[in-house]
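Visitor: Could you choose one part of this model and go through it closely with me? I am new to this, so please take each step slowly.

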Amino acid sequence: MNTTTALHAATATPASPKSGARACNGHAVKDTSGTSLSELCSLLGFPAIAGDDDMRFLRRRVKAGQWVYATSEPLDAVYAVFAGSVKTLLIDPAGNEQILGFPQKGDLLGMDGIFANRHASHAIALTDCELIVIPFNELSQRGSAATSLENWLFRATSRELSREHSLVGLLGTLSADARVARFLVSLSERFAAAGYSPQSFRLAMTRKDIGNYLGLTLETASRTLSALDAAGYISVDQREV
C-alpha cells in the first residue's frame, strides 16, 4: 500500500450505513437513563421551562466512528450533544465529502431534516458520545412546556446557523493562516461556553477534516498549524492545542 492510499484509509469516513448497520457494525448504541427538561435547557444555555417536570429524554451512547444517522433516513428525533464530539457532512454520489460542522457539548444536530421529515446530512461520532434524544414530532403532544422547548430548539438552531454564517462569510477573503486561526478561536469560545478550558484542548477532528471544513488541503492545514506553532501563537502536540 503506498503512502497516499494508506493515508486515505486512515482518515476516510466509513461508508454510509445500510438499514440496521448501526446495530451490527461492532459499535454498540445504548440508551441510558433520562435527562430532565431543566437539564436539557441548561445544556442548551437557555432558562428553565416551567411545567411538565416529568418530561425526560433518553441519553444515547454512541461509540467513536459510529454513525448517528444518514441522509434520507426518517427524522425520528433531533439530538443535543451531552458529551463528546460529532461530525456532520454531505457525501455526493461520487463519494466526495463536504464537512458541515463539528457539533459538541451543548450543540444540536439533525434540525436540518425537519423540513422534509428526513435527515438532510450525515452525522458520525468523532469520539465516544452521549446524545440527548429529542423526539421532535412528539413534543406537540406535551402541552405548553413542549411548545416552549420547540421555541428554544429553534433559537438554538438559529445560533448554530449564525456561527456557520460568520465562518463561511470569511472563508472567501481570509488567508489559510487566518482561516485556521479563526477556526481555533471559534473552538476556544465554544469550549469556554461548555465549561471547558478555552486555552488548552484536544482536537476531536483530524487535520484532513479541518482542511475539508475550511476549504484547504490536508497539507495546507497541517503546514498552517505548524507555522502558527513555530510563530508562538499556539502550541501543538499531535491533537493537543
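Guide: Before looking at how two helices pack, it helps to know that an axis here is a line fitted to C-alpha atoms, for helices over the stretch in contact, and that angles run from 0 to 180 degrees between N-to-C directions. The model is a predicted one, and the part to look at closely is helix α6, which spans residues 207-214.

Take first the side of the story that involves helix α7, residues 218-230, whose axis lies 8 Å from that of α6 and makes an angle of about 105° with it. Since angles of 65 to 115 degrees count as roughly perpendicular, α6 is described as roughly perpendicular to α7. From α6 the contact draws on R207, K208 and G211, while α7 brings L218, A221, S222, L225 and S226 to it. Sorted by class, these residues come to three nonpolar, three polar and two charged.

Helix α6 also meets helix α5, residues 176-193, and here the two axes come within 11 Å and cross at roughly 110°. That angle makes α5 roughly perpendicular to α6 as well. The residues that α6 uses in this contact are I210, Y213 and L214, and they meet R179, V180 and F183 in α5. The class count for the contact of α5 with α6 is five nonpolar residues, no polar ones and one charged one.

To see where this part belongs, step back to the whole chain, which has 241 residues, of which 42% count as buried. Its secondary structure is made up of seven helices and nine strands. If one takes the contacts between residues at least 6 apart in sequence, 74% of them join residues at least 24 apart. The accessible surface comes to about 12500 Å², and carbon and sulfur atoms account for 53% of it.

From the segment between strands there is also a thread to follow, beginning with S85, which sits in the loop between β4 (78-83) and β5 (86-91). With a relative accessible area of 6%, S85 is buried, because buried means under 20%. Beyond its neighbours within four places in sequence, S85 is in contact with several residues, among them F102, L126, C129 and A204. C129 is itself buried, with a relative accessible area of 4%, and C41 is buried too, at 1%. A search of the whole structure finds zero disulfides.

The loop between β3 (67-69) and β4 holds another serine, S72, and this one counts as partly exposed, at 45% relative accessibility. Leaving out residues up to four places away in sequence, S72 touches R118 and H119. S72 and S121 are 49 residues apart in sequence, yet their C-alpha atoms are 7.7 Å apart in space.

One last detail concerns the backbone: most residues other than glycine have a negative phi. In S72, however, phi is positive, near 80°, and in Q238 phi is also positive, near 60°. Q238 brings us back to the helices, for its place is in the segment after α7, where it is exposed, with a relative accessible area of 66%.

Conventions. Residues numbered from 1 in each chain as written. Predicted model: local features only at pLDDT ≥ 70, side-chain atom pairs only at ≥ 80, totals over all residues. Heavy atoms only, no water. Helix = DSSP H or I, 4+ residues; strand = E, 2+ residues; numbered from the N terminus. Parallel < 35°, antiparallel > 145°, perpendicular 65-115°, else oblique. Contact = heavy atoms within 4.5 Å. Nonpolar A, V, L, I, M, F, W, Y, C, P; charged D, E, K, R; others polar. Buried < 20%, exposed > 50% of the residue type's maximum accessible area, 1.4 Å probe, protein only. Areas by Shrake-Rupley, 256 points an atom, 1.4 Å probe, with all protein chains shown as cover. Disulfide = S-S within 2.5 Å.
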